[in-house]
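Please take a moment to look over the sequence and the fold before reading on. The paragraphs below go from one helix to the surface, then to the interior and to a charged pair.

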Amino acid sequence: MYATNYLDLITDRKEYRKSWRILSAIWIIFTICSSILHILVILNPEWIGNNKTKSYFGLYNYCNIGIDCEWDITNVRPISIVFHISFLFFISAAVLNGFAIFSIMLFVLLTERYVFLVASWFHLLSFVMTAFGSFIFPFAWDHTIAREICDSHKYSLGSCSVRWAFVMSIVLIFDQLLLSILGFILAKKQPRKISDYEDYLNYCKSSSFDGSRDGKEIY
């Protein structure tokens, strides 16, 4: 293989590494955005609402026909034990997503590959927690208070409609899954260091190496 081939190889490696770093930066940005969205979804008390009566209920609070509708983040009063469980699932998912962000800081201690692997496992676990939390949430729609607000049943909202927080909780399921898959791909496709190729190319230039030795090509 001639020296020009090594030059082309180094150029290709640099372009590949540049593209890989761009994707890594995008992955980090989406991880941070996902964590923020997790917090907003959890804090929002209005997941299901009735437009006529202005009543609503969510993971940890509810407002029944204008009674006790003052929102207080410290006032946790889920409608049923099902909402308790769903709330805990979402809290766990948010914590795991936070761990994924924290693991990014390990770039200074670990290789990039291991950082992506650790963060991707956190995203995968967060995906499981978010999926379970969203799946069991409608099981409490037939509770007495929920039926007073919406005339609802399991997986049937009656006179109510979904609010953006519940929609975003569904989006977060796919978001966590995609972040996990992309993280594993980035870990697997991490480019190798090109310093060895550059050293060899410099050696070729300094010795006027023409790509052959003893009549044989060097590969």
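**A walk through the model**

Ile-185 sits in helix α5, which covers residues 164-188; helices here are DSSP runs of H or I with at least four residues, strands are runs of E with at least two, and both are numbered from the N terminus. The model is a predicted one, in which local features need pLDDT of at least 70 and side-chain atom pairs count only at pLDDT 80 or more, while totals for chains, interfaces and linings use all residues. Residues are numbered from 1 along each chain as its sequence is written, and side-chain values use heavy atoms, with hydrogens and water left out.

With a relative accessible area of 43%, Ile-185 is partly exposed, a term for values between buried (under 20%) and exposed (over 50%), using a 1.4 Å probe and protein chains only. Ile-170 is also found in helix α5, and because its relative accessible area is 32%, Ile-170 counts as partly exposed. Together with Phe-174, Leu-178 and Ile-181, these two isoleucines make a nonpolar surface patch of about 470 Å²; such a patch joins nonpolar side chains (Val, Leu, Ile, Met, Phe, Trp, Tyr) within 5 Å, from residues with over 30% relative accessible area and no salt bridge, whereas like charges are joined within 9 Å. Areas come from the Shrake-Rupley method with a 1.4 Å probe, and for residues only the protein chains shown count as cover.

Turning to the interior, the largest nonpolar core has 25 residues, of which Trp-47, Ile-48, Phe-57, Phe-137 and Trp-141 touch the most other members. A nonpolar core is a set of buried Ala, Val, Leu, Ile, Met, Phe, Trp, Tyr and Cys residues joined through side-chain atoms within 4.5 Å. At least two residues of this core come from each of α1 (3-43), α2 (81-104), α4 (144-150) and α5. Apart from it lies another core of nine residues, including Phe-116, Ala-119, Leu-179 and Leu-186.

Finally, which residues form the salt bridge? The structure holds one such bridge, and Glu-46 forms it with Arg-163, their closest N and O atoms being 2.8 Å apart; the term requires a side-chain nitrogen of Lys or Arg within 4 Å of a carboxyl oxygen of Asp or Glu. The pair links distant parts of the chain, 117 residues apart, with Glu-46 in the loop between α1 and β1 (48-50) and Arg-163 in the loop between β4 (161-162) and α5. Glu-46 is partly exposed at 26% relative accessible area, whereas Arg-163, at 17%, counts as buried.
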